[in-house]
Amino acid sequence: MNKVAIILMLLCVFGSSLVNAQDEEGQVLTFDQYMMWVKNEHPLAKNARLLVDQAEGNLKSARGGFDPQLYGGVNQKRFAGSEYYHISEYGLKVPTWFGIEGKVAYEYNRGTYLNPENNVPDNGLLVAGVKVPVGKRLFIDQRRAQLRKAQAMTNLSQAERILELNSLLQDAASAYWKWSQANALLNIDQNALDLAQERFEGIVQSYLGGDLPAIDTTESFLTVQQQRINVIDARQLVVEAKMELETFLWKDEVPLELEADMRPQDLTDVVKTKETVNDSAQSWLNNIYSLHPKLRMNRAKIQQAQIDRRLKLEKLKPQLDLSYNYLSGYDNYENAELQRAYLNNNYKFGIDFKMPLFLRDGRGEVAAANAKLDMANFEMSSEMLNVKNKLNAAINKLINLNEQLNIQTEAVKNYEKLLRAEEIKFDNGESSVFLINSRQMKLVSAQEKLTDLQRKHKIAQTKVMELSGVLFRQF
């Protein structure tokens, strides 16, 4: 892993405001700035943006189906000194969204054995015409369907990007608050060790003064030893949590490490996610259909299936194409009257008709398209219920965690009162080292449970945002 200190990188990109606190214990990496860093720099976040770029490229390619086309060609034959024929045509075709295709062309043909139908005036022939489908392909064709499907695919890719980004940010939030809890547990165990050490020293002095038996010093020292072991375990948890957090910290595709003195926000700190969730959770639930990326993906899939079905239905219609071309090329004055009467004389008109007798190909493809659309609708209904249930469960879990957090906070205060009372009784000779240690262990256990609830509460806040599809908007 690159040994570049993360704090230097953060200062370079976000400025000195990233680290909003610094004290004797080190610098604080805030939750909001950490999440912003992950959103902007993590490879998976960048990869998610590439999904949209890819879809936009496909959309541009589909729009290319409506680009005007220049064309031209020459076909000639010479043999034994004679020019049998020389046939050439150059022109421009302009497709339109409505299925009508315009054409402007110039024909120049000559030769001894030229087919009479290719005869043109000496100065060539100008052609301007249109081709109109009035049966199949009137309302939709492969070109228009491809463009509409590409537009739906762009929406799907944007939703997929949001889904991946929300999942990444939720994992990053979990790692951050796990790191914060590990630091809180270390502080709890270190404080317990300091108290145990102080108590042990006091008991030793009392023993030397003849007030307490020697066995009390042994019991007190065992407590110190146990707390030292707990501190070592807590330090290892901090290292592991910090390493897990560092998997989310990247810069220019290079993994980064935190500085040794960097620490997280406290679990007791209020972050903006709490207020946002409290104010907006019900609104998110009511608007889940338009917010959640999975449902947006399903809507895009339904749109694509509907476009496919419309295209397949065209196969049940007869193909009837009309074409009209105005011909201009007379250069002698005696034909000027004919030139003006182009509607009756100088034109080329065509009708193309085609229709299968049994329509088995079309009917089969329509049946398959109907099945595909039904499957997409069923998937949407199932996913809608699934998303709503998960969000409701997450909101209820957050409410319950909030209630548990309040209860546990009061419980910790009561355990602190009991410990202080036991210490007073011990000083008055009415208690024992065993009872004080028991009170201390229960207090530490309650504090550890409180940190676990605080971590779960913080993660539950971002989980509600993730399940609502809005987590990425918060950072």
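These legends go with a set of close-up views of one predicted model.

The model is predicted, so local features need pLDDT of at least 70 and side-chain atom pairs count only at pLDDT 80 or more, while totals for chains, interfaces and linings use all residues. Residues are numbered from 1 along each chain as its sequence is written, and side-chain values use heavy atoms, with hydrogens and water left out.

**View 1. How confident is the predictor, and where is confidence lowest and highest?** The score here is pLDDT, the predictor's confidence in each residue, from 0 to 100. The protein averages 87, with 91% of its residues at 70 or more. Confidence bottoms out in helix H1 (residues 6-14), at a mean of 36, and peaks in helix H8 (residues 293-313), at 94. Over residues 1-24 the pLDDT is below 50, yet this stretch has 52 contacts in the model beyond near neighbours in sequence; a contact is a pair of heavy atoms within 4.5 Å. Helices (H or I, at least four residues) and strands (E, at least two) are DSSP runs, numbered from the N terminus.

**View 2. Six strands make up an open, antiparallel sheet.** Reading across, the order is S3-S4-S5-S6-S10-S11. Two strands are said to pair if DSSP finds at least two bridges between them. S3 and strand S11 (347-354) sit at the edges, each pairing on one side only. From one strand to the next, the twist averages 15°. As a reminder for anyone tracing the backbone, strands of a sheet pair through backbone hydrogen bonds, either parallel or antiparallel.

**View 3. S3 meets S4 at one end of the strand order.** Strand S3 (residues 69-79) and S4 run antiparallel, joined by 11 bridges. To find your place, look for glutamine 69, whose bridge partner in S4 is lysine 93. Tyrosine 71 has glycine 91 of S4 as its partner. The hairpin of S3 and S4 has two residues between the strands, and alanine 80 there takes a positive phi near 55°.

**View 4. S5 pairs with S4 and also with S6.** Strand S4 (residues 82-95) and strand S5 (residues 101-110) are antiparallel over 10 bridges. Serine 88 has tyrosine 108 of S5 as its bridge partner. Five residues lie between the strands in this hairpin, where glycine 99 takes a positive phi near 90°. With strand S6 (residues 125-133), S5 shares seven bridges, again antiparallel. Here tyrosine 106 stands opposite leucine 126 of S6.

**View 5. Tyrosine 324 is a handy landmark, with a partner in S6 and another in S11.** Eight bridges link S6 to strand S10 (residues 319-328) in the antiparallel sense. Across that pairing, valine 130 has tyrosine 324 of S10 as its bridge partner. S10 and S11 are also antiparallel, with eight bridges between them. In this pairing, tyrosine 324 stands opposite phenylalanine 349 of S11.

**View 6. Helix H2 crosses helix H4 obliquely.** The axes of H2 (residues 31-41) and H4 (residues 142-208) come within 10 Å and cross at roughly 140°. Axes are lines fitted to C-alpha atoms, for helices over the stretch in contact, and angles run from 0 to 180 degrees between N-to-C directions. H2 and H4 are therefore oblique to each other, given that angles under 35 degrees count as roughly parallel, over 145 as roughly antiparallel, 65 to 115 as roughly perpendicular and the rest as oblique. The crossing is right-handed; that means the near helix is turned clockwise from the far one by less than a right angle, and anticlockwise would make it left-handed. Phe31, Tyr34, Met35, Val38 and Lys39 of H2 make the contact, together with H4 residues including Leu165, Leu168, Tyr176 and Trp177. By class, the contact has 12 nonpolar, no polar and one charged residues. Ala, Val, Leu, Ile, Met, Phe, Trp, Tyr, Cys and Pro count as nonpolar, Asp, Glu, Lys and Arg as charged, and the others, Gly among them, as polar.

**View 7. H4 also packs against helix H11 (residues 433-468).** Their axes come within 9 Å and cross at roughly 165°. That makes H4 roughly antiparallel to H11. The crossing of H4 and H11 is right-handed. The contact residues divide into 12 nonpolar, 10 polar and nine charged.

**View 8. H8 packs with helix H10 (residues 360-427).** The angle is about 165°, with the axes 9 Å apart. H8 and H10 are therefore roughly antiparallel to each other. Their crossing is left-handed. The contact of H8 with H10 has 11 nonpolar, five polar and 10 charged residues.
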